[in-house]
Amino acid sequence: MNRTKPETPDSETTDETLLRTDDVTKKFGQLTAINDVSMSIPEGEITSIIGPNGAGKTTLFNLFTGKYEPTSGQIRFRDERIDGMAPHDIVDKGVVRSFQITNFFDDLTTRENVRLATQARYSGFGASDFLRHYTSLDGAVDDAEAVLERVHLLDVADRQASNLSYGQRRHLEIGIALAAGPDLLLMDEPTAGMSPEETLDTVELIEEIASDTTLVLIEHDMDIVMDISEFIVVMNEGELIARGDPAEIRTDDRVQRAYLGGE
Ligand SMILES: Nc1ncnc2c1ncn2[C@@H]1O[C@H](COP(=O)(O)OP(=O)(O)OP(=O)(O)O)[C@@H](O)[C@H]1O
Ligand SMILES: [Mg+2]
């Protein structure tokens, strides 16, 4: 594999760049879902990826997490190539995605679900780990309590996961992602389908997580995007059409034409 660095990177890389893509293209057969995208995710900030349906936002996440390999181009996390790495190795590096789809056990309590996730971090993933009693790993137990508190679920920790409200289930998914100890947490539409109160609570939670974790959000609600993002990347039909802070994005002609004006 060619591991030499490109001489003239398109994306502006700074000391604070945590993840970057260089000329990444992803094709699905004839369809170019991501077209020659170079971007960097600044460390310690909230970055939002926005753009119309089908713009390629979720595909970017799938490339970051190793679910897909780029057709061409490179992806680096802390200056290490991660394109082509197995998804679990990328998780071990610290890149973790919070899943929209249910990835916890309905029959277990909230606490048991979070403990299984923290235990997986201490002992590695594997079938035998699920047989070991979770209290044998004290660090995992302490971490689980901290995660439960962080995602505002301590008061429902003993409730069976299937009995949580929709918003609480989404928080449990975030908790399971946090249990992996991410340096970079990816969240795809974290407030989708939530009531206004659940949305407010989740935005608060996102800002709390951002105090010590770099976040990338895919979010359709422009009020939320403009309110909490420090950096915004705008995608349209597989191409990166703008990046900047909220004020820059709000006034960008191309963004208004392609996206904001079209809504
Ligand atoms: N596994 C796949 N196989 C074939 N085509 C795919 C696959 N994944 C995504 N695509 C296509 O790639 C394009 C980008 O899809 P993607 O899901 O990344 O868009 P998105 O910006 O997340 O859209 P949305 O806002 O609707 O979630 C779409 O045309 C989609 O149909
Ligand atoms: Mg999507």
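Biologist: Quick one to start: in E2, what is the bridge partner of Lys26?

Modeller: Ile34 is the E2 residue bridged to Lys26. Keep in mind that this is a predicted model.

Biologist: Sure. How many bridges do E1 and E2 pair over?

Modeller: There are 8 bridges between E1, residues 17-28, and E2, and the pairing is antiparallel.

Biologist: And how many residues sit between the two in the hairpin?

Modeller: The E1-E2 hairpin has 2 residues between its strands. Gly29 is in that turn, with a positive phi of about 60°.

Biologist: Zooming out, in what order do the strands of the sheet run?

Modeller: The order is E2-E1-E4-E5, so to speak from one end to the other, in an open sheet of 4 strands with antiparallel pairing. E2 and E5 (80-81) are at the edges with a single partner strand each, so one side of each has no neighbour in the sheet.

Biologist: What about the E5 end? Over how many bridges do E4 and E5 pair?

Modeller: E4, residues 72-77, and E5 pair over 2 bridges, again in the antiparallel sense. Arg76 has Arg81 of E5 as its bridge partner.

Biologist: OK, changing topic to ligand 1. Which residues come nearest?

Modeller: Gly54, Lys57, Thr58, Thr59 and Tyr68 do, out of 14 residues around ligand 1.

Biologist: Which elements supply at least two residues of that shell?

Modeller: Strand E2 (31-42) and helix H1 (57-64) each do. H1 gives the most, with 3 residues.

Biologist: How does the shell around ligand 1 split by class?

Modeller: It has 6 nonpolar, 6 polar and 2 charged residues.

Biologist: Now the polar atoms. How far is an oxygen atom of ligand 1 from an N or O atom in the side chain of Lys57?

Modeller: That distance is 2.7 Å. Tyr68 also takes part through its side chain, where an N or O atom is 2.8 Å from a nitrogen atom of ligand 1. With Ala55 the backbone is involved: a polar atom there is 3.1 Å from an oxygen atom of the ligand.

Biologist: And how much of the accessible area of ligand 1 does the protein cover?

Modeller: The protein covers 62% of the 640 Å² that ligand 1 has on its own.

Biologist: Last topic, the pockets. What volume does the second largest pocket have?

Modeller: About 170 Å³.

Biologist: Which helices supply at least two residues each of its lining?

Modeller: H3 (110-123), H5 (138-150) and H6 (166-179). The most comes from H5, with 4 residues.

Biologist: Which residues line that second largest pocket?

Modeller: Among them are Thr118, Arg121, Asp143, Arg150, Leu178, Pro182 and Thr213. By class, the lining has 5 nonpolar, 3 polar and 3 charged residues.

Note on methods:
Residues numbered from 1 in each chain as written. Chains lettered and ligands numbered in written order. Predicted model: local features only at pLDDT ≥ 70, side-chain atom pairs only at ≥ 80, totals over all residues. Heavy atoms only, no water. Near = heavy atom within 4 Å. Polar contact = N/O pair within 3.5 Å; in protein donor to acceptor, adjacent residues only side chain to side chain. Areas by Shrake-Rupley, 256 points an atom, 1.4 Å probe, with all protein chains shown as cover. Nonpolar A, V, L, I, M, F, W, Y, C, P; charged D, E, K, R; others polar. 1 Å grid on protein atoms, 1.4 Å probe; cavity = no way out; pocket = protein on both sides within 12 Å on 5 of 7 lines; lining within 4 Å. Points joined across faces, edges and corners; volume = space filled by probe spheres on them. Pairing = 2+ DSSP bridges.
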